[in-house]
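Subject: A structure for you to explore

Hello,

Here is the structure I promised to pass on to you. Please open it next to this email and follow along as you read.

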Amino acid sequence: MDAITPNPLLGVGLHAIGAIFAAACYTPQKKVKGWSWQTYWITQASFCWLLLPIIGASLTIPGLLAVLHEAPASAMRNSFLLGMAYGIGGTAFGIAIRYIGFSLTYAIAVGLSSVLGTLIPPLVHGTLGATLHKTGASWVVAGIVVGTLGIAAAGWAGRLKENDLTAKNTRGEFNLVKGLLISLLAGVLSAVYGFALDAGAPIADVATAHGAGVFNGNVVYIFANTGAFITAALYCLYLHVRHKTIGELVELPAGSEKGTLPVNFAMAALTGLLWYGQFFFYNLGHVHMGEKFAFTSWAVHMTMLVLFSNLMGVILREWKQCRGLTLVTIRLALVVLVVAVLLLTYGNYLGDLAAKAST
C-alpha cells in the first residue's frame, strides 16, 4: 500500500466538513418532543458512538475481523478506557450548561480541550520540542493562541447574548463557581478523546497494512467511541431509574407536547449521523495533514467547530434581538477564528513544503 501523500490544504478542507457536521448535529433536537434528555441522549449515542462506528469500519476497513485479530490488545484496551473518560467529559459538558449556559461552557470546555488535546500528545511522546523547531511551527503556535482567544471571544459574545435575551431578574440555576469547575472538568476530559485516538494508532497501522488507506482511523472509533457510549449509557440509565423515564422509549408520556416516536427516533438517528460525520471527516483530514504537524488536527477541528457553530447561529438570525455590543463581539470573534484557521493552515503548508524539499 502506497503511503498517503500529505496535503495540508485538503486536510483543513476535510476538517471543515467535519466541523460543519458537528455544528449542525444538535439542530434535529429541536424537533424531538415528549422525551426527557436522557432518553434522547442514550438514543442518539447509540447511533453515533456504538452503531455507526461499527458500520463505518465494516464498510471502509478491508478484512476488519482480521485487523481486530491482529491489532495489539493493549491499544484496543487503552483506546476504550480513554474513550470512557471522554464520555465523562461529554456528560460534564451537559451539566455545566445548566449552571453557566451553553456559550460560556462551550468557550471554556472547547478552548481548554483544544489546547490540551493539541499540545499534550506530542509532549507525552517527547516530540513537542523538536516539532516546535520545524519550519512553520511559529505560525502553528500563533494559530493555536489566536484560536484560543477566538473561542474565548465567542464564549463571551454568547454570554452577552444570553443576558440580552433573558429577563434581568431571572437567574434560573445559574451558578458561576459550580459551572466553571464542571466546565473545566469537561474541557480536560474532552481533550482525552485525542489521546484515545492516539492510543489506537497501532490498530490503524494494522488496518493500513490491510489496505484501509485514508480510512485507517475508522477502526479506532470502534473502541474510542464505544468507551464513550458505555459512560453515557450508564449515566442515562441512572437518570432513567431515578426519574422513571425508561418507558419513553416505547410510549410517549401524556402531556402538552405533541410528538411521535418515529419522528423522535429519526431525529435522534440524524443527530447521531451528523455527530459521527464529524469523526469520519476528522480522520480523513488528519491523515492528509502530514507527519510534521499532524498534532494540529485537534486545534484545527476545535477552532472550526466553534467558528461554524457561531456562524450558523448568525445565518439563522439567532442574534437579531441582541444589543450592538453583542453583535460587534460575535463578529470580532468570527474574524479572529478565521485568522486562526488561516495561521494554522499556513503553518502546516510551510511544514509540508519543507518536508517535500528535504526528500
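To get started, which residues does Pro-28 touch, not counting residues up to four places away in sequence? Have a look before you read on, and keep in mind that this is a predicted model.

Pro-28 touches Met-267, Leu-270, Thr-271 and Leu-274, again leaving out residues up to four places away in sequence. You will find Pro-28 in the loop between helix 1 (8-24) and helix 2. One of its partners deserves a second look: Pro-28 and Met-267 are 239 residues apart along the chain, yet their C-alpha atoms are separated by 5.2 Å. Pro-28 has a relative accessibility of 5%, so it counts as buried, the cut-off being under 20%.

**Pairs of helices**

I went through three pairs of packed helices. Two packed helices are described by the angle between their axes and the distance between the axes, so both values come up for each pair below.

Let's begin with helix 2 (residues 37-60) and helix 10 (residues 261-287), which pack at an angle of about 50 degrees with their axes 8 Å apart. Because of that angle, helix 2 is oblique to helix 10. Their crossing is right-handed. On the helix 2 side, the residues making the contact include Trp-41, Phe-47, Trp-49 and Leu-52. On the helix 10 side, they include Phe-265, Trp-275, Tyr-276 and Phe-279. Sorted by class, the contact of helix 2 with helix 10 has 15 nonpolar, 6 polar and no charged residues. Thr-271, which you met as a partner of Pro-28, is also among the helix 10 residues in this contact.

Next come helix 6 (residues 137-165) and helix 11 (residues 297-315). Their axes come within 10 Å and cross at roughly 30 degrees. An angle under 35 degrees counts as roughly parallel, so helix 6 is roughly parallel to helix 11. Helix 6 passes helix 11 in a left-handed crossing. Where do the two helices meet? Helix 6 brings Ile-144, Gly-147, Ile-151 and Ala-154, while helix 11 brings Ala-299, Thr-303, Val-306 and Asn-310. By class, that contact has 5 nonpolar, 3 polar and no charged residues.

The third pair is helix 8 (residues 201-209) and helix 9 (residues 218-243). They pack at an angle of about 150 degrees, and their axes are 8 Å apart. Since angles over 145 degrees count as roughly antiparallel, helix 8 is roughly antiparallel to helix 9. The crossing in which helix 8 passes helix 9 is right-handed. Here Ile-203, Ala-204 and Ala-207 of helix 8 meet Val-219, Val-220 and Phe-223 of helix 9. The residues of this contact divide into 6 nonpolar, no polar and no charged.

**Some single residues**

Now try zooming in on helix 7 (residues 176-199), where Ser-190 lies. Is Ser-190 buried or exposed? With 13% relative accessibility, Ser-190 counts as buried. Its side chain reaches the backbone oxygen of Ala-186 at 2.7 Å. Leaving out residues up to four places away in sequence, Ser-190 touches Tyr-86, Gly-89, Gly-90, Ser-113 and Trp-298.

Ala-191 lies in helix 7 too. Its relative accessible area is 1%, so Ala-191 is buried. With the same exclusion of residues up to four places away, Ala-191 touches Ser-113, Leu-116 and Gly-117. Ser-113 therefore turns up in the contact lists of both Ser-190 and Ala-191, where contact means heavy atoms within 4.5 Å.

For another buried residue, go to Leu-307 in helix 11. Leu-307 has a relative accessible area of 9%, which is why it is called buried. Not counting residues up to four places away in sequence, Leu-307 touches Leu-334, Leu-337 and Val-338.

Finally, look at the loop between helix 9 and helix 10, where Lys-244 lies. Lys-244 is exposed, because its relative accessible area of 73% is over 50%. What is there to notice about phi of Lys-244? It is near 55 degrees, a positive value in a residue other than glycine.

Enjoy exploring, and write back with any questions.

Best wishes

Note on methods
Residues numbered from 1 in each chain as written. Predicted model: local features only at pLDDT ≥ 70, side-chain atom pairs only at ≥ 80, totals over all residues. Heavy atoms only, no water. Axes fitted to C-alpha atoms, helices over the stretch in contact; angles between N-to-C directions. Helix = DSSP H or I, 4+ residues; strand = E, 2+ residues; numbered from the N terminus. Parallel < 35°, antiparallel > 145°, perpendicular 65-115°, else oblique. Left-handed = near helix turned anticlockwise from the far one by under 90°. Nonpolar A, V, L, I, M, F, W, Y, C, P; charged D, E, K, R; others polar. Buried < 20%, exposed > 50% of the residue type's maximum accessible area, 1.4 Å probe, protein only. Polar contact = N/O pair within 3.5 Å; in protein donor to acceptor, adjacent residues only side chain to side chain.
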